[in-house]
Amino acid sequence: EAAEKGGYEHFMIKEIYEQPKAIRETMSGRLAKDDSSIIFDELKWTKDDLANINKIFIIACGTAYHAGIVGKYYLEQLARVPVEVDIASEFRYRSPLVDENTLTLVISQSGETSDTLAALKEAKRLGARTIAITNVVGSSIAREADQVIYTWAGPEIAVASTKAYTTQLVSVCMFAIYIAGMRGTLPVETIKTLIRGLRELPAQAHELLEDVEPIKTFAQQYGFAEDVFFIGRSLDYAVALEGALKLKEISYIHAEAYAAGELKHGTLALIVDGVPVIALATQHDVYEKTLSNIKEVKARDAVVIGIGLKGDKQLVKYVDHTIYIPATEKYLTPILTVIPLQLLAYYAAVTRGCDVDKPRNLAKSVTVE
Ligand code: G6P
């Protein structure tokens with residue numbers, strides 16, 4: 001097992017560090033040389049096949065569900081199709097409004113999660129076209145779906161998903177650009193900008209992984225906190241959900257993510273002196289609003305780590321610690337922002353002496369309902 005860890009102490013940290021490579025492999029051969037389109041040779045749908053699609057369901061569990069929440073932003077904003085995201089175990093039991101004009105996208109690292117598989121079967125039974133984003137070739141979900149996009153992240157061993165999530169985001173982003181291309185909802189210049197942004201991600205992820213000391217120190221300092229809150233708006237909120245899940249899963253710290261604008265509708269009551277708050281502030285269009293939420297928690301003496309884009313000069317004035325991610329397209333920020341959150345969870349779990357790769361009560365693949 002030590003050999004398989006390749007010199008790393010745990011699979012999780014090895015997999016976190018594999019992200020630049022995993023992201024690169026997921027994109028390999030799929031970005032047109034002139035950056036004007038996404039190439040999915042594996043997809044056999046024609047423009048006509050998708051012409052009547054008027055709704056997309058994204059269905060998944062756990063971390064893959066969080067990738068689906070980001071996917072909703074991508075598909076709605078880039079391809080202009082209404083999207084519902086559902087937890088697989090909920091979708092199955094609520095008579096979903098699915099028909100032959102619905103495209104169902106299931107996301108699953110293992111391709112074996114039984115609720116996700118059952119939801120996929122249900123969507124098919126109702127007549128939907130189906131597609132899976134999965135990491136495991138020939139898995140049950142890959143075999144059941146009409147079409148498959150593989151994430152090519154390589155085997156993920158640690159129970160807490162890391163490189164599977166970032167490659168799911170890359171895949172769903174490419175899929176949204178692909179659908180946008182088919183539907184003609186994006187100017188070619190925008191597609192080119194996004195694809196150029198995608199190309200930069202592996203190097204940017206690598207850059208983020210070069211200096212982990214500030215996160216490690218913070219994790220050591222606050223690793224024994226009882227509660228940690230994650231806040232953000234828009235895509236930052238989607239990433240906050242994943243950051244909170246990572247921390248819960250492996251460090252057993254109670255962690256919650258809130259849409260920053262919702263704070264004052266309840267959670268603010270829990271923010272007291274010394275409570276750590278991780279505030280994500282990478283989205284330009286809601287930046288000022290997020291800053292005012294940060295001020296709200298600071299006014300209650302929370303300890304705030306702000307995560308912002310490189311070049312942001314304001315954030316540092318309102319928070320206790322800052323982490324900067326390389327500047328990228330707003331749609332691509334989640335793929336980078338999640339990395340410091342994965343590291344935070346990892347180092348908090350190590351500080352607390354937890355079994356990082358095999359957290360209590362959890363399984364890598366849930367094949368029971
Ligand atoms: C389990 C794992 C999670 C994972 C979820 C969905 O709960 O512990 O890390 O996100 O299943 O798994 P899947 O293989 O369908 O992505």
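# Notebook: a predicted chain and its ligand shell

I began at Asn361, which I found in the segment after helix 13. The model is a predicted one, and I read every value below as computed from it. The phi of Asn361 is positive, about 70°, although this residue is not a glycine. I noted this because most residues other than glycine have a negative phi. I then asked whether Asn361 is buried or exposed. Asn361 has 6 C-beta neighbours inside 10 Å, so it counts as exposed.

**Entry on Ser234.** I turned next to another residue that is not glycine and has a positive phi, Ser234, whose value is near 55°. Ser234 sits in the loop that runs between strand 6 (227–232) and helix 11 (235–251). Its surroundings came out as buried, because 22 other C-beta atoms lie within 10 Å of Ser234, where the cut-off for buried is 20 or more.

**Entry on the whole chain.** I counted 13 helices and 10 strands in the chain. For the overall dimensions I took the principal axes, along which the C-alpha atoms fill a box of roughly 55 × 45 × 40 Å. How does the radius of gyration of the chain stand against that of a compact globule with 369 residues? The globule would have a radius near 21 Å and the chain has 20 Å, so the two agree. I also looked up burial, and 53% of the 369 residues count as buried. Among the contacts with a separation of 6 or more, 74% are made by residues 24 or more positions apart.

**Entry on the core.** The largest nonpolar core has 133 residues, and within this core Ala176 and Ala279 touch the most other members. I listed the contacts of Ala176 with residues up to four places away in sequence left out, and they are Tyr74, Leu75, Leu78 and Ala79.

**Entry on helix 8.** I checked the length of helix 8 (residues 163–183), whose 21 residues at 1.5 Å a residue should span 30 Å; the end C-alpha atoms are 30 Å apart, so the expected span and the computed distance agree. Helix 8 is mostly covered, with 18 of its 21 residues buried. Gly184, just after helix 8, takes a positive phi of about 65°.

**Entry on helix 13.** I placed Pro334 in helix 13 (residues 333–351), and Thr337 is found in helix 13 as well. Pro334 counts as buried because it has 29 C-beta neighbours inside 10 Å, and Thr337 is buried because 28 other C-beta atoms lie within 10 Å. Which residues does Pro334 contact, once its neighbours within four places in sequence are left aside? They are Val70, Leu169, Leu235, Ala238 and Val239. With residues up to four places away again not counted, Thr337 touches Asp236, Val239, Leu280, Thr282, Ile307 and Ile325. I then noted two C-alpha distances: Pro334 and Ala244, which are 90 residues apart along the chain, are separated by 14 Å, while Thr337 and Ala60, which are 277 residues apart, are separated by 21 Å.

**Entry on helix 6.** I looked up Ala118, which lies in helix 6 (residues 114–125), and Glu122, which is found in helix 6 too. Ala118 has 17 C-beta neighbours inside 10 Å and therefore counts as partly exposed; Glu122, with 19 other C-beta atoms within 10 Å, is likewise partly exposed. How far is the C-alpha atom of Ala118 from that of Glu369, 251 residues apart along the chain? The separation is 9.6 Å. For Glu122 I took the distance to Ala281, and these two are 159 residues apart in sequence and 38 Å apart in space, C-alpha to C-alpha.

**Entry on the ligand.** I closed with the 16 residues around the ligand, of which Gly62, Thr63, Ser108, Ser110 and Thr113 come nearest. Which element gives the largest share of this shell? That share, three residues, comes from helix 4 (residues 62–79). I sorted the shell by residue class and obtained six nonpolar residues, nine polar ones and one charged.

Methods: Residues numbered from 1 in each chain as written. Predicted model: local features only at pLDDT ≥ 70, side-chain atom pairs only at ≥ 80, totals over all residues. Core = buried A, V, L, I, M, F, W, Y, C linked by C-beta atoms within 7 Å. Buried ≥ 20, exposed ≤ 12 C-beta atoms within 10 Å, placed from the backbone. Contact = placed C-beta atoms within 7 Å. Near = placed C-beta within 6 Å. Helix = DSSP H or I, 4+ residues; strand = E, 2+ residues; numbered from the N terminus. Nonpolar A, V, L, I, M, F, W, Y, C, P; charged D, E, K, R; others polar. Rg over C-alpha atoms; globule rule 2.2 N^0.38 Å. Expected span 1.5 Å × (residues − 1).
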